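Reader: Could you walk me through this model step by step? I am in my first year, so please explain the terms as you go.

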Amino acid sequence: MKQLIGFFLILLSIGCKENTTSINIPAPKKTTYTSDTLRLSEEVYYDKVLGALVGSAIGDAMGASTEMWSRKDIQLKYRYITTLTPAVRQQSPEGTWGHNLIAGATTDDTRWKYAMVKYLSQNKENLNASNFAKFITEYYGSLTKTISDSGSVPDTDFLDTQIEKIDWIKEWARVSMAYQKDTDTYLKAMNRFYGGEMSCAGQLYTPMLGLVSNTPESAYELAYEHTLFDLGYAKDISALVSAMTHMALRTTNMDSIINTATFVDPLGYQDSRLVGRISYDMADASVKKILALKQLALTDTLTVQDSIIFKVPKGFQGNQKDWTRQEMAYQFLEEHEKAIPFHSGEIWQILITALQYGEGDFEQTMQFIVNYGRDNDTVAAVAGMILGAKDGYSNLPVALRTQALKVNKENMGIDLEALAREMVEKKYIDFELP
């Protein structure tokens, strides 16, 4: 009986197969975006590289005095920051390496730009993760060697200076040394980097790689390879700011620059199951929020409660409606704050919101970022590099660019013009005159 039933099931399955119609519904082909090779004259390239370096330094310096502050505390002391202010703060490894420095002084954000120029110069033909890890390890080793090889009891002031430099780089060196050892050691070191949080490590230096790439896609891929210290979607973000910086070399259109987060995705983050591409979703939310605020119809009169909440701070260069919109944008950002101010996702959210809000205007964008607070010097440094690459040094605000150049060279020991020349002279981009 069982055999007979089995026989009929086989006949039934054959009959079903014969009557089944096979349908192949066509699926759309994925679009692969490949940009043409960047072509700039040496003169234009130098102006844009210098603009990126100085723009980043301006942003860093504007935020140096209020780094990690809340916007309410900034308003209490400074009302509304519109220019460079003295860095009245205690020296620290990640901050300024001196107490209470003059306006224009910079922090680790600009030191990373200096370090990256040296890395690029030493590894022109071999920009990769292994050489980057080696570069950081050797720098760390050179600092420790100055103490161990002194031959006598080191001067206490000299020791303090060297220890501060070591404190700045030792977290990075731990990961770099582990990377050169083996995968297991590297993963353990990376996942305890600055407490195992998703810090904005890569965004401190990856924009520089966008300046030496030929396409937005190659800028993304090169930066991604160098994200040795990033976790999760922080890697995608660090690669995107590199691609955005490169895009800024090509166009002055802010929509095109911001849309890099939509169209440049070589590793397929958009295909992530369930989650999708977090960096894109965050950027999209910021763009839509600002567009909605710009179109929002506001009355000329405010209630007593609103007049307190949206009180225009002294120094703000706009009217009541302008400030109300900016305050609403700040409230949007506060709703998306992370556990730590230097969380990569938070830096990214503020960056895109500010770029969209400022519509390409350098000063308006810097002021938006700096007066919001949190890790404002880092966000402003990234935004300043993107906008500086877009505008070029020749189009940056004269007073800001002049002071940033002077103070960094004379007080911080960082000659931004020399760094720009070094990048151009190495000819990382094959110049092909139009």
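**A glutamine and its helix**

Author: Glutamine 367 is buried, with a relative accessible area of 7%, where buried means under 20% relative accessible area, exposed means over 50%, and partly exposed lies in between, for a 1.4 Å probe and protein chains only. Please keep in mind that this is a predicted model, in which local features need pLDDT of at least 70, side-chain atom pairs count only at pLDDT 80 or more, and totals for chains, interfaces and linings use all residues. Residues are numbered from 1 along each chain as its sequence is written, and side-chain values use heavy atoms, with hydrogens and water left out.

Reader: Ok, and which helix is glutamine 367 found in?

Author: Glutamine 367 belongs to helix α17, residues 362-372; helices (H or I, at least four residues) and strands (E, at least two) are DSSP runs, numbered from the N terminus.

Reader: What does glutamine 367 touch?

Author: Not counting residues up to four places away in sequence, glutamine 367 touches Met62, Tyr80, Ile81, Thr82, Gln317 and Tyr330, and contact here means heavy atoms within 4.5 Å.

Reader: How many residues of α17 are buried?

Author: Helix α17 is mostly covered, since 9 of its 11 residues are buried, among them Phe362, Met366, Phe368 and Tyr372. The buried residues of α17 pack against α2, α3, α15 (320-335), α16, α18 (376-391) and α19.

Reader: You mentioned α2 and α19, so at what angle do those two pack?

Author: Helix α2 (residues 42-64) and helix α19 (residues 398-410) pack at an angle of about 85°, with their axes 9 Å apart. Axes are lines fitted to C-alpha atoms, for helices over the stretch in contact, and angles run from 0 to 180 degrees between N-to-C directions. That angle makes α2 roughly perpendicular to α19, because angles of 65 to 115 degrees count as roughly perpendicular, under 35 as roughly parallel, over 145 as roughly antiparallel, and the rest as oblique.

Reader: Which residues make the contact?

Author: On the α2 side they are Val54, Ala57 and Ile58, and on the α19 side they are Leu400, Arg401, Ala404, Leu405 and Asn408. By class, this contact of α2 with α19 has 6 nonpolar, 1 polar and 1 charged residues, where Ala, Val, Leu, Ile, Met, Phe, Trp, Tyr, Cys and Pro count as nonpolar, Asp, Glu, Lys and Arg as charged, and the others, Gly among them, as polar.

Reader: And threonine 402, is that buried or exposed, or something in between?

Author: Threonine 402, which also sits in helix α19, counts as partly exposed at 43% relative accessibility. The C-alpha atoms of threonine 402 and isoleucine 58 are separated by 9.9 Å, although the two are 344 residues apart along the chain.

Reader: Changing topic, what is the secondary structure of the whole chain?

Author: The chain comes to 20 helices and 0 strands, and buried residues make up 52% of its 434 residues. Of the contacts in the chain with a separation of 6 or more, 70% are between residues 24 or more positions apart.

Reader: What about the loops, which residue between α3 and α4 has a positive phi?

Author: Asparagine 100, in the loop between α3 (71-78) and α4, has a positive phi of about 50° although it is not a glycine. Most residues other than glycine have a negative phi. Asparagine 100 counts as partly exposed, at 47% relative accessibility. Another case is glutamate 359, in the loop between α16 (344-358) and α17, with a phi near 55°, and glutamate 359 is exposed, with a relative accessible area of 57%.

Reader: Does that α3 to α4 loop have other residues worth a look, say, what is proline 93 in contact with?

Author: Proline 93 lies in the loop between α3 and α4 and, leaving aside neighbours within four places in sequence, is in contact with Arg111, Glu164, Asp167 and Trp168. Proline 93 and isoleucine 169 are 76 residues apart in sequence and 8.4 Å apart in space, C-alpha to C-alpha.

Reader: One last residue: where is serine 238?

Author: Serine 238 is in helix α10, residues 234-250, and is buried, with a relative accessible area of 0%. Outside its neighbours within four places in sequence, serine 238 is in contact with Gly202, Gln203, Thr206, Ala223, Thr227 and Asp230.
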